[in-house]
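Work through the following exercises with the coordinates open. Each task is followed by its solution.

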Amino acid sequence: MTDEAIDRAAHAQTAAARLKERLYATITMISLVLGLAAGGNVEVPGAVATVVTGSVGLWLAALVADQQAHRVVHGTVATGRELRSMLYVSSPLLLSAVGPLVLIGASALGVMSLDAALATAAGVNVAALFAWGCIGGIRMGGGIVLALVAGGIDAAIGTAVALVKAAAGH
């Protein structure tokens with residue numbers, strides 16, 4: 001295997017790991033905003049605090065888990081390139097808060113109610129799951145119809161998982 005092929009394989013593996021985190025963060029953010037909306041009686045500052053702490057908490061948990069796994073497997077703490085890779089792969093856990101925070105900010109400015117902002121945030125994230133499912137279906141060569149089916153299934157499964165998490169209080 002050439003160095004170029006090894007680099008491509010490593011890049012693909014990193015991209016897949018980052019996308020996995022992005023999908024996980026999207027599902028988690030759906031459950032978080034649905035939980036906020038279902039709880040009622042939430043104000044903008046509380047919603048902001050919940051979204052930020054949820055996102056940062058997930059990110060820190062991922063970094064702790066990655067470092068622990070690295071120490072167990074390699075016998076050293078990840079530094080340098082390995083640490084940068086961990087930070088890059090886990091960054092979607094932080095980025096998942098951006099959309100809901102923008103919508104909550106729109107609510108604070110009176111553009112929409114907080115309930116509408118939270119519902120919109122959940123809807124946008126469900127649409128993102130649908131889009132990723134479609135992209136996956138197309139990349140696998142299944143054609144448009146199968147891509148749309150894959151997108152629908154991904155959105156439905158992601159929403160179901162988010163609803164279960166929200167109902168369980170996670």
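**Exercise 1. State which hand the crossing of α5 and α6 has, then describe their packing.**

The crossing of α5 and α6 is right-handed (near helix turned clockwise from the far one by less than a right angle; anticlockwise would be left-handed). Helices here are DSSP runs of H or I with at least four residues, numbered from the N terminus. This is a predicted model, where local features need pLDDT of at least 70 and side-chain atom pairs count only at pLDDT 80 or more, while totals for chains, interfaces and linings use all residues. Residues are numbered from 1 along each chain as its sequence is written, and side-chain values use heavy atoms, without hydrogens and water.

Next, the geometry: α5 and α6 (residues 114-139) pack at about 160°, axes 8 Å apart (lines fitted to C-alpha atoms over the stretch in contact, angles from 0 to 180 degrees between N-to-C directions). The two are therefore roughly antiparallel (over 145 degrees).

Last, the contacts (heavy atoms within 4.5 Å): residues of α5 including Leu 103 and Ile 104 meet residues of α6, among them Leu 118 and Ala 121.

**Exercise 2. Determine whether Ser 31 is buried or exposed, and place it.**

Ser 31 lies in helix α1 (residues 3-39). Its relative accessible area is 2%, so Ser 31 is buried (under 20%; exposed is over 50%, partly exposed in between; 1.4 Å probe, protein chains only). The Ser 31 side chain reaches the backbone oxygen of Thr 28 at 2.7 Å.

Note on methods. Polar contact = N/O pair within 3.5 Å; in protein donor to acceptor, adjacent residues only side chain to side chain. Parallel < 35°, antiparallel > 145°, perpendicular 65-115°, else oblique.
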